[in-house]
Amino acid sequence: MKHTNHIIRPTMMAALIAACSLLSTISAQTVKDHIRENPAYASCNYHIYPDSIDAKLTPAPKGKKPFYISHYGRHGSRYISNRSGFDEPFMMMMHADSLDELTPTGQRVLEVMKQIMNNSEDRWGELTEHGRRQHREIARRMAERFPEVLGDTAHVEARSTIVPRCMISMGTAMMELAQINPKLRITMESTKRTMGYMNYQDRNLRKIQMSAQAKEAYNKFIANRMGNTRLMELIFKNPDIVNEIVDEDYFNYYLMKMGLFQVHTPLSKNTYITDIFHIDELYRLWEVDNALWYIRHGACKLNGGTQPYSQRYLLRQIIADADSSIRLPYPSAQLRYGHETVLLPLVCLIGINGYDLETDDLEKLEAKGWWCSDVFPMGSNVQFIFYRSGPNDNDILFKVLLNEKEAKLPIRTDCAPYYHWRDFRKHYLKKIDAYKK
């Protein structure tokens, strides 16, 4: 056998070493590293979408051009859905203040809590200006990245759930696209008729989410992660006395949520509440939430591993819509706007980036890369970008972007990160059809 000598020049070697070092750094990054860089990461579904996306896209195989986009996105940044998450810790603090049990730090925390309550009153669940900006920028990047799809002859069909924050997210994105290209043919719809797949909540699956086995495992997992004695001593003069009116676990958890939620509101610059938490404390509460989201929406073995099938109707609709759009002679896009309780199980059902993980060991979630904060920050989205050489091309390729970054699927391909649509279609229709209620 003939051997070929490959000469690696010093400059090439240096580049290779630098690249390997970079990959090593990226792969070694932990959840704590993310929280240290951005504390909002600890809040899981309250995590905030990045202001910019610098991910590079792999060029399409020769001759293939984008012609269709299928998308499901979460609404942008919002106020907390209802006041209950803020109300109880706030009332605990007010009661302690009435008893003169707050330290100077506790007094400062209470003042910030009052600001948050005043700012949020009668805005529960509403989209914030930051949420609007997120969807303007996502739409703009979509138009810049795929001008062949969103050209003058393109038809854009947008749908949202009937929840106002989703409707406004959709409208904001469509206004941005219309400003970029006034010739786009844009239609928008928000109706109960599509809620059967846009925001389907499977009651049968929900009943078994927290099975006896799952509840036992979860309670064991969170037992040493919820409380925060240091925080109690920092805020209250006599924590032993205050324990009669303050639930330490509940207070610790929701005070953190109050602080982290501010990044979505006009109070984003006031980080005082977040700052009094240590990184390890934020991390522990991330572990608590991450495990709960996995049980409720991941392929968790503790409850049968079937929760992702709650989005089987959405996936079937995505496939059907794509089949119809592929037959069109002109480019098009179908953009859907909904919620994280749909997007996360959809990602798990498809198995994007390994989120179809099946395990009964909650302690292994971080090591195995099941980090819900990466999937569904406010403004999160899944984009399917379709490619062909022309209307008569039967070998349709596509790739998936999770939050605008190229993602992997658990099916074979000879052109990663691109996949053959026929392979995807066959695999997932078979998977959905095999599911038994």
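Ala, Val, Leu, Ile, Met, Phe, Trp, Tyr, Cys and Pro count as nonpolar, Asp, Glu, Lys and Arg as charged, and the others, Gly among them, as polar. The model is predicted: local features need pLDDT of at least 70, side-chain atom pairs count only at pLDDT 80 or more, and totals for chains, interfaces and linings use all residues. Residues are numbered from 1 along each chain as its sequence is written, and side-chain values use heavy atoms, without hydrogens and water.

**Exercise 1. The second largest pocket**

Task: describe the lining of the second largest pocket by residue, helix and class.

Solution.
- Start with the term. On a 1 Å grid over the protein atoms alone, a pocket is an open set of points with protein on both sides within 12 Å along at least five of seven lines; lining residues have an atom within 4 Å of a point.
- Take the volume. It is about 870 Å³ for the second largest pocket. A volume is the space filled by probe spheres set on the points, which are joined across faces, edges and corners.
- Find the centre. Of 30 lining residues, Tyr46, Tyr253, Tyr254, Trp293 and Arg296 lie nearest to it.
- Name the helices (DSSP runs of H or I, at least four residues, numbered from the N terminus). α3 (84-98), α9 (212-222), α12 (248-261), α14 (279-297) and α16 (340-350) each supply at least two residues. α14 gives the most, with six.
- Sort by class. The lining has eleven nonpolar, eleven polar and eight charged residues.

**Exercise 2. Two cavities**

Task: which residues line the largest cavity, and which line the second largest cavity?

Solution.
- A cavity is a set of grid points where a 1.4 Å probe fits but cannot get out. The whole structure has four of 30 Å³ or more.
- The largest cavity has a volume of about 80 Å³. Its lining is Gln201, Asp202, Leu205, Arg206, Gln209, Arg296, His297, Gln307, Ser310 and Thr341. α8 (203-207) and α14 each give two or more of these residues.
- By class, that lining has one nonpolar, six polar and three charged residues.
- The second largest cavity has a volume of about 60 Å³. Tyr79, Ile80, Phe86, Ile116, Asn119, Ser120, Met258, Phe261, Gln262, Thr265 and Leu267 line it.
- α4 (104-120) gives the most to this lining, with three residues. The classes are seven nonpolar, four polar and no charged.

**Exercise 3. Helix α15**

Task: what span should helix α15 have?

Solution.
- The expected span is 1.5 Å times one less than the number of residues.
- α15 (residues 312-326) has 15 residues, so it should span 21 Å.
- Its end C-alpha atoms are 21 Å apart, which agrees.
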